[in-house]
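Student: I've got a model open and want to talk through its pockets and one of its helices. Could you take a look with me?

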Amino acid sequence: MKKVDLKKELKHLYGATAKSVAVVDVPAMNFLMIDGEGDPNTSDDYLDAVAALFTVSYTAKFMIKKGPAAVDYGVMPLEGLWWTDDPADFSPDNKDIWKWTAMIMQPEWVTAELWADARAQAAGKKDLPGAPRMRFESFAEGRAAQILHVGPYAGEAPTIARLHEFIAGEGLSRAGRHHEIYLGDPRRTAPAKFKTIIRQPVAR
């Protein structure tokens, strides 16, 4: 059976360092996505979205592993796009008005048809309130700057400020939604050791 390490193959996108900001070109990739709004710390919709995304992603993984392709790969990390209707209102002090897209990247073997089957299988075995809102979609982010934040999510502000200062210093402008990639499992990790890639699309 073929085994694939997607994080290793996409190390330039999923292996950011806290030492410096990097500019990367993010190609079009397929994702499972669920949209919502509200504070992720208190929103049942967000928890439902995360549960559905992981359950369907793992269902697809095992379908691929047992299917004709016979490929074994690790499910990719949870990611999130975050924004407000008015960018000036985007503040950690008022998360109730945040809008978000929770998503997990899917490898080439997961097609729209296989995803639909995986979602149906998963929803048939487990109550997944977020599943009906899920979609399979290509997302092309393009050029972006990114850096790794180590520590609790509530302490991201200095890292984000550092990222924004780099972007301005390079003569670039922010173009697109604030993007976070959550490495590891926060349920099994102390907040001080959380690792989050902070990514911001840019334009010249």
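Student: Which elements each supply at least two residues of the lining of the largest pocket?
Tutor: This is a predicted model, and in it α3 (44-66), β5 (78-83), α5 (157-169) and β10 (178-183) do that. The top contributor is α3, with 7 residues.

Student: What makes a residue part of that lining?
Tutor: An atom within 4 Å of a pocket point. For the largest pocket, 43 residues pass, and the closest to its centre are Tyr 46, Trp 82, Tyr 153, Glu 180 and Tyr 182. The space in there comes to about 1400 Å³.

Student: What is the make-up of the lining of the largest pocket: nonpolar, polar, charged?
Tutor: It splits into 24 nonpolar, 9 polar and 10 charged residues.

Student: Back to α3. How do you know that its span agrees with the expected one?
Tutor: At 1.5 Å a residue, its 23 residues should cover 33 Å, and the end C-alpha atoms sit 33 Å apart, so the two agree.

Student: Why is Tyr 46 called buried?
Tutor: The cut-off is under 20% relative accessible area. Tyr 46 is listed as buried in α3, along with others including Ala 49, Leu 53 and Ile 64, so its value falls under that cut-off. Cover for the buried residues of α3 comes from elements including β3, β4 (71-73), β5 and β10.

Student: What makes the link between Ser 43 and Asp 45 a polar contact?
Tutor: A side-chain oxygen of Ser 43 comes within 3.2 Å of the backbone nitrogen of Asp 45, at the start of α3. The limit for such an N or O pair is 3.5 Å, so this one qualifies.

Methods:
Residues numbered from 1 in each chain as written. Predicted model: local features only at pLDDT ≥ 70, side-chain atom pairs only at ≥ 80, totals over all residues. Heavy atoms only, no water. 1 Å grid on protein atoms, 1.4 Å probe; cavity = no way out; pocket = protein on both sides within 12 Å on 5 of 7 lines; lining within 4 Å. Points joined across faces, edges and corners; volume = space filled by probe spheres on them. Helix = DSSP H or I, 4+ residues; strand = E, 2+ residues; numbered from the N terminus. Nonpolar A, V, L, I, M, F, W, Y, C, P; charged D, E, K, R; others polar. Expected span 1.5 Å × (residues − 1). Buried < 20%, exposed > 50% of the residue type's maximum accessible area, 1.4 Å probe, protein only. Contact = heavy atoms within 4.5 Å. Polar contact = N/O pair within 3.5 Å; in protein donor to acceptor, adjacent residues only side chain to side chain.
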